Amino acid sequence: MNRVMGLSVSEAGQTVVLFSIAIAAVRFAGDWLANRFPVHLIMAVPMMLAGFMLFAAVLLGQVAVLMAAYVIFGLAIGNAFPIIISQAGSAAGGDRLRDISIVVGFAYVGLITGPALLGVIAHFAGLDATIITLAGAAMILGCLVMTMPRFVPSPQPDQDGVELVKTDQG
Amino acid sequence: MAATHLAAARRSICAGFFGLGTFMGMWGVMIPERVASLGLSELTLGLFLLVIGLSLCAAIFCVNRFVIFQDAVQLIRVISAFYVLGFAVVLTTGSVMMLFLIGIVTGFAAGFVDAGLNSQASEWEQHSGRRGMSFFHALFSLGSLSGAALLTLMLSLDLPVKWVIYGSAVLVGGGLAMRRQWVGTQTIAGTAANADIDVGADNSGSPAADTAAARPARQLTLPRSACRCQLCCFWDCVLRWQPCQKAALWTGRHCI
């Protein structure tokens, strides 16, 4: 943003700070939202909106739109990971630690490969192409999340009915 | 499980997420200082981040594969000390070799503690019947912002950050190690110190239910469709994109 879109270092920094604050803020509201709306909609609708905003930012070339898109992107993805972990916990069998660790493992693989992949795209195709890729990924993920209720059961307390007991800890 | 115990467990989980986030935020602020003081190139820094990421993934593999790492409470209480001290060394060391060596330890510790805390948060949701995962992760974000703000303030005032980092490490690591109330640590006799785990057991709180929960898990012969082995779980989770049903009756063999 500093090099390509001409934002000053402080403006680019402010965008990242706003992005982080948006994530924190939406997470504080996450449980309230999840109690009132279907979780797949909480994930899918902001994700598609964020993708649309990023597309618009690239097409219009407006810095303000790009900054707004970053904030909406933060609002969109802020609750994604907690909701995914929560759903995984609901769908898990007796040993949630192992089941959740699989999900966390996928997240870390994405954390490692994502920036590298986007860096390669940015290197060969430029920042606009990278943002369009992100926007496309957000739109596709949003559409995929809409099908989530077909795969993940709604959470119910202690529904697993499977016992797993260890008693050797001191 | 008693409401008071669940409330205490919630505070423990909150402290864990906040503590983890604090050090992650500190790391974000200290990256430019680390690059400058250790003379790291972009390639070296990228390599370091890759090493941490791979260590994290290795830790997740260990949690999934080895029984010794499948106790969430012990993972949090013991390994969080390695996590915070590892971060403290990474943020203050003057040696590139030490940075990489401790980075590996820190990556492993982060993977263990992250898996353990998320598991505890999920257990809390299941036992309490309430949603709380977003709030726990919000505390991680808040901790991250707080850690970043604290070190930014210290750096802007030209104050030494070393003792703040080590002080935070002792506070967070010691605090988590001392916490005894976690989900599943309420024992039959009511002594939380024994830290029994009754994952997914009856939560009615009745003595009969607790006694039943103390029985060892039964080994059942499963039909092919209900096999819980790694291969079938991978097939269910990844290829067929269905909820995973494995682990509770893990035998280590394919399709008993």
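A disulfide is a pair of cysteine sulfur atoms within 2.5 Å. Keep that cut-off at hand for the first exercise, and remember that this is a predicted model.

**Exercise 1. Cysteines of chain B**

Task: Work out why B:Cys62 and B:Cys57 are not joined by a disulfide.

Solution:
- Step 1. Start from B:Cys62 and look for the closest cysteine sulfur, which lies in B:Cys57.
- Step 2. Read off the separation: the two sulfurs are 11 Å apart.
- Step 3. Compare with the cut-off of 2.5 Å. The sulfur of B:Cys62 is too far for a bond because 11 Å separates it from that of B:Cys57.
- Step 4. Turn the search round: from B:Cys57, the closest cysteine sulfur is in B:Cys62, again at 11 Å and too far for a bond.
- Step 5. Check the total over all chains: the structure holds zero disulfides.

Follow-up task: Decide which label, buried or partly exposed, fits B:Cys62 and which fits B:Cys57.

Solution: The limit for buried is under 20% relative accessible area. B:Cys62 has 14%, so this cysteine is buried. B:Cys57 has 21%, so that residue counts as partly exposed.

**Exercise 2. A surface patch**

Task: Find which residues make up a nonpolar surface patch with B:Leu145.

Solution:
- Step 1. The partners of B:Leu145 are A:Val17 and A:Ile21.
- Step 2. Together the three residues offer about 220 Å² of accessible area.
- Step 3. Place A:Ile21 in its element: helix α1 of chain A, residues 9-28.
- Step 4. Test its accessibility against the patch requirement of over 30%. A:Ile21 reaches 41% and counts as partly exposed.

**Exercise 3. The build of chain B**

Task: Describe how the elements of chain B are ordered and how its residues are covered.

Solution:
- Step 1. Count the elements: chain B has eight helices and one strand.
- Step 2. Follow them from the N terminus: the order is α-α-α-α-α-α-β-α-α.
- Step 3. Turn to burial: 49% of the 256 residues of chain B count as buried.
- Step 4. Add the surface: about 11600 Å² is accessible, and carbon and sulfur atoms own 68% of that.

**Exercise 4. Confidence in chain A**

Task: Locate the element of chain A with the lowest mean pLDDT.

Solution:
- Step 1. Begin with the whole chain: the mean pLDDT of chain A is 79, with 85% of residues at 70 or more.
- Step 2. Among its elements, strand β1 (residues 164-166) has the lowest mean, 34, and helix α2 (residues 30-36) the highest, 90.
- Step 3. Look along the sequence: pLDDT stays under 50 over residues 157-170 of chain A.
- Step 4. Draw the lesson: where pLDDT is low, predicted coordinates should not be read in detail.

Methods
Residues are numbered from 1 along each chain as its sequence is written. Chains are lettered from A and ligands numbered from 1 in the order in which they are written. This is a predicted model: local features need pLDDT of at least 70, side-chain atom pairs count only at pLDDT 80 or more; totals for chains, interfaces and linings use all residues. Side-chain values use heavy atoms; hydrogens and water are left out. pLDDT is the predictor's confidence in each residue, from 0 to 100. Helices (H or I, at least four residues) and strands (E, at least two) are DSSP runs, numbered from the N terminus. Contact means heavy atoms within 4.5 Å. Buried means under 20% relative accessible area, exposed over 50%, partly exposed in between (1.4 Å probe, protein chains only). Patches are made of residues with over 30% relative accessible area and no salt bridge: like charges are joined within 9 Å, nonpolar side chains (Val, Leu, Ile, Met, Phe, Trp, Tyr) within 5 Å. Accessible areas come from the Shrake-Rupley method with a 1.4 Å probe; for residues, only the protein chains shown count as cover. A salt bridge is a side-chain nitrogen of Lys or Arg within 4 Å of a carboxyl oxygen of Asp or Glu.
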